[in-house]
Amino acid sequence: MEAQWRQGGRGRGRGRPGDELAARSGAAARPPAARGRGGARAAAAGPIGDGASRECRVLPPTRAAGPRAGEPAKFDEIKKANQAAAKKLVEDQLSSSSEDDDEDAEAKQGKILDKTFTIYTSQTDGDASELERTKQYMNEAFQSGAMTCLICIASVKRNQAVWSCCGCFCIFHLVCIQKWAKDSLFLVSSPLTDDDFGKKDYPWPCPKCRFEYKRSETPSRYYCYCGKVENPAVDAWLVPHSCGQICEREFKPSCGHKCLLLCHPGPCPPCPKMVTTTCHCKKAKAVPRRCSAKEWSCRLPCGRTLLCGQHVCENPCHAGDCQPCPRVSKQRCICGRQTAERLCASPQWQCDQVCGKCLPCGNHTCEQVCHAGPCGDCPRSGKRSCPCGKTKFTLPCTEDVPTCGDSCDKVLECGIHKCSQRCHRGPCEICRQEVEKQCRCGKHTKRMPCHKPYLCETKCTKIRDCQKHQCRRKCCSGNCPPCDQVCGRTLGCRNHKCPSGCHRGSCNPCPETVDVKCNCGKTVIKVPCGRERTIKPPKCKQLCSRPPTCHHPTQEKHHCHFGRCPPCRQPCQKTLTCGHLCPVSCHDEALVKQTGSHQSAGPWEQPSEPAFIQTALPCPPCEVPIPV
């Protein structure tokens, strides 16, 4: 089937008699809507003239249809009008309806937050100062693109199954965290032998805070934040991934009460219950206080006796044990020879003098440094052994033990051979026996002294635990060390490289965060590194501070934004020649149709110049009636 614009004629000057009348009668027979689309297109795309003549010539019905050069210009005019209407529609929607939609969404979000906090604030008489951290997590759950899975660096949507870490409360896609746990367990257990595999429950860490979970704690199902409902339904009037029921999780630290908020992301707020409690030192009267702040101080002196037993604690009422006594006093050392000023909290101290007291033998003195109690017997009294330990002698403490004359037979440092010398004082010599030694890798043997290690020059060709690089260590025993090279792979954020050592499996998520700012820079949100290219800038409540581009001293108030400011709608108020003020809207930046001599070859050709230009128009004539 031929295109519609070709159906009016078969080329330049090849129209058959009666074709033009048939086309006109067909266009007139169509309904108005059809004529607007097909008729205009067929009329605009009829036979094209030579471009020199732009007037329409009416031919007799019996002659062939000639070129109609005015129809392409009409087609261009309609096309430009449609483009201008579409452009104006987009500008109007961005300038007017977007702010209204944002206000509606914020109002709806505020109602959901109030509903979530109702039970909690009823216990605190409307005080929501302790909910700021929880509000931050909930606002991120509502904000488009703020919740990002750090494993796949993609946004977390309302209808996707998620899992929340109980340590950092970061949210991940369920399939992503399952794969992460599986890969982590595989990497930890891969170096084990078949006998050791399965005997120990190796943990897997959270990708963000590294909080460790057991193998049995690997998530397999999608639950709400409080863990009561499996596969919670998507509800526009609830927090995303929430079941809408009361949380009822235990407060941390545990106080016996449960959370009163509706199912929510992030940590639970402090306990709002009222309890009657006394101060730390138990001197003040019990008063009702919030359970989360039930530990309080009366600020009176503590008065408890310190460990020194001489003084009392002078610090204000405090929790826990009292601090050591800060006072200074003169104290003797353990042996009683020296006296020094020391803290009262550490009365036991030792000087650096040797005891020197005469031992019971009467021949030797005590060689211990400052000590308490008796010195004990002379260490040279009683039965003593020869250096090799085979013979015992009973001699006076003034005589040294002689050697026995037998062979030493102590095991040398090699752990294999024994000392062949006679009983002697002092250490044994090194082992000098020649043995057939095998190198550490087991590939070569050599006869050499027993005390010397034997390492061959063969380099290990085994692949290290990273499964990428060879060991290349000389004479390796087979227990190759971990790879010492840096991973260097580009992380999922595409901005940084992995700084960890070379490893198997996926790299850890990028720990960096990036600030995404509005146009004026006063409103900032933090997003994971790599998301700054796809995240929408935050909505800013500050007024636009750009100077006006028209003749008015100030522009209309509107919020901070990117791109051009909306057109000025203030009255012109310029003084006309007659003395009156121009009442129409500001026309310093009016859109005026751009006309040109370029002629499109057909409807497939895009315009090579803009359809409208921005220019200042003169004020219209004054329309104020005057008496004549």
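1. A good place to start is the second largest pocket: strand E3 (residues 162-164) gives the largest share of its lining, three residues. Please keep in mind while reading that this is a predicted model. The pocket has a volume of about 950 Å³. Its lining counts 40 residues, and those closest to the centre are Cys 166, Phe 169, Arg 249, Lys 252 and Cys 268. By kind, the lining of this second largest pocket holds 24 nonpolar, nine polar and seven charged residues.

2. How far can you trust what you see? The average pLDDT of the protein is 77, and 78% of the residues score at least 70. Strand E3, which you have just met at the pocket, has the highest confidence, at 92, while helix H2 (residues 32-44) has the lowest, at a mean of 36. Two further stretches deserve a careful eye. Residues 94-101 have a pLDDT below 50, and in the model this stretch makes six contacts beyond near neighbours in sequence. Residues 192-198 are also below 50, with three contacts of that kind.

3. Now for the overall picture. The protein is built with five helices and 18 strands. Of its 628 residues, 28% are buried. The exposed surface comes to about 40900 Å², with 52% of it supplied by carbon and sulfur atoms. If you take the contacts between residues at least 6 apart in sequence, 31% of them join residues at least 24 apart.

4. Besides the pocket, there is an enclosed space to look for. The structure holds one cavity of 30 Å³ or more, and the largest cavity has a volume of about 50 Å³. Its lining includes Ile 112, Lys 115 and Thr 116, along with Trp 237, Leu 238, Val 239, Ser 242, Gly 244, Leu 262 and Cys 263. Six of the residues lining the largest cavity are nonpolar, three are polar and one is charged.

5. Thr 277 is a handy residue to zoom in on. You will find Thr 277 in strand E7 (residues 274-277). Is Thr 277 buried or exposed? Thr 277 counts as buried, because its relative accessibility is 18% and the cut-off for buried is under 20%. Leaving aside residues up to four places away in sequence, Thr 277 touches Ala 286, Val 287, Arg 289, Lys 294 and Trp 296.

6. Next, try Asp 588, which sits in the loop between strand E16 (524-528) and strand E17 (590-593). Asp 588 is buried, with a relative accessible area of 13%. Which residues does Asp 588 touch, not counting those up to four places away in sequence? They are Cys 550, His 551, Lys 574, Thr 615 and Ala 616. Of these, Cys 550 is 38 residues from Asp 588 along the chain, yet their C-alpha atoms are separated by 5.7 Å.

7. Finally, have a look at Arg 380, in the loop between strand E10 (339-343) and strand E11 (383-385). With a relative accessibility of 25%, Arg 380 counts as partly exposed. Arg 380 touches His 364, Cys 397, Thr 398, Glu 399 and Asp 400, when residues up to four places away in sequence are not counted. Arg 380 and Cys 397 are 17 residues apart in sequence, and the distance from C-alpha to C-alpha is 4.9 Å.

Notes. Residues numbered from 1 in each chain as written. Predicted model: local features only at pLDDT ≥ 70, side-chain atom pairs only at ≥ 80, totals over all residues. Heavy atoms only, no water. Helix = DSSP H or I, 4+ residues; strand = E, 2+ residues; numbered from the N terminus. Buried < 20%, exposed > 50% of the residue type's maximum accessible area, 1.4 Å probe, protein only. Contact = heavy atoms within 4.5 Å. Areas by Shrake-Rupley, 256 points an atom, 1.4 Å probe, with all protein chains shown as cover. 1 Å grid on protein atoms, 1.4 Å probe; cavity = no way out; pocket = protein on both sides within 12 Å on 5 of 7 lines; lining within 4 Å. Points joined across faces, edges and corners; volume = space filled by probe spheres on them. Nonpolar A, V, L, I, M, F, W, Y, C, P; charged D, E, K, R; others polar. pLDDT = per-residue confidence, 0-100.
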